[in-house]
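Subject: Structure handover, with notes on the cavity and the sheet

Dear colleague,

I am passing on the structure below for you to look through. My notes on what was found follow directly after it.

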Amino acid sequence: RRRAVKPHRAVVDDDRTVRFVLAEALRDAGYRVQAFESAGNALDALDSEAAPDLVFTDVRMPGIDGLKFLDALKAKYPQLPVIVMSAYTDIASTAGAFRGGAHEFLSKPFDLDDAVALAELTTVSRPARLKKPIPAGSSRAQHSSDQSDWPSETRLAGSSIPAPSSLTVITQASSRCSAEMATMLAPARRA
């Protein structure tokens, strides 16, 4: 009798403690987990192994930072959900993560139970992703727009390109700061 295998997760963080604790919490929840100390190491592993079903990545890391890593992942695996983590929750980093296609933004320090629940919720709620990477030389839009079975609410307004994710942003800041963040996250209106 075969036991169902939970999805594969990757944790990318230069902070050894965060990387270890999050990876162990995900393993305890039954996930297969790979942990990487740098985005470069994670990208190298993705070149030779199957992509995970979800990636947690820090924003500020030496070498390739989390936002550049997010861009590289989305170029190759457009539907791969990525949860961006950071102790620096400034508007520019948060907005940059969502504009780059982040599925969620997790502020450090975070509750491990919340992170594991987010990993489970991401598995249940997202549409199926591409099983293979986009071939070099192909455009992300070509492959993203082939997802005709995606629900219409997961598409960017006025386009056939799937949206990176549907999201709700909750802020605990002044209304001026919240308004500024909403403006940065809103898609550009077409003339």
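The cavity search on this predicted model returned 1 cavity of 30 Å³ or more, and the space inside the largest cavity comes to about 60 Å³. Its lining is made up of Ala-10, Val-12, Gln-34, Phe-36, Ala-42, Ala-45, Leu-46, Glu-49, Ala-50, Pro-52, Val-55 and Phe-69, which by class gives 10 nonpolar, 1 polar and 1 charged residues. Strand S1 (8-12), strand S2 (32-36) and helix H2 (39-48) are the elements that each supply at least two residues of that lining, and H2, with 3 residues, gives the most.

Turning to the sheet, the model has an open arrangement of 5 strands in the order S2-S1-S3-S4-S5, paired in the parallel sense. Because S2 and S5 stand at the edges and have a single partner strand each, one side of each is left without a neighbour in the sheet. Direction ignored, neighbouring strands of this sheet are turned against each other by 20° on average.

Going through some of the pairings, S1 and S3 run parallel and are joined by 4 bridges, and the bridge partner of Val-12 in S3 is Thr-57. Val-12, as you will have seen, also belongs to the lining of the largest cavity. Strand S3 (residues 54-58) pairs in turn with S4, again in the parallel sense and over 4 bridges, and here Thr-57 stands opposite Val-84 in S4. On its other pairing, S4 is joined by 4 bridges to strand S5 (residues 104-107), with the two running parallel, and Ser-86 stands opposite Ser-107 in S5.

How many residues of strand S4 (residues 82-86) are buried? The strand is mostly covered, with 5 of its 5 residues buried. In a regular strand the side chains alternate between the two faces of the sheet. In S4 both faces are covered, with Val-82, Val-84 and Ser-86 buried on one side and Ile-83 and Met-85 buried on the other.

S4 also takes part in two crossover units that you may wish to trace in the viewer. S3, helix H3 (residues 66-76) and S4 make a right-handed β-α-β unit, while S4, helix H4 (residues 91-99) and S5 make a right-handed β-α-β unit as well. Phe-69, which falls within the range of H3, is one of the residues that line the largest cavity.

With best regards

Technical notes. Residues numbered from 1 in each chain as written. Predicted model: local features only at pLDDT ≥ 70, side-chain atom pairs only at ≥ 80, totals over all residues. Heavy atoms only, no water. 1 Å grid on protein atoms, 1.4 Å probe; cavity = no way out; pocket = protein on both sides within 12 Å on 5 of 7 lines; lining within 4 Å. Points joined across faces, edges and corners; volume = space filled by probe spheres on them. Nonpolar A, V, L, I, M, F, W, Y, C, P; charged D, E, K, R; others polar. Buried < 20%, exposed > 50% of the residue type's maximum accessible area, 1.4 Å probe, protein only. Pairing = 2+ DSSP bridges. Right-handed = clockwise from strand over helix to strand, strands pointing away. Axes fitted to C-alpha atoms, helices over the stretch in contact; angles between N-to-C directions.
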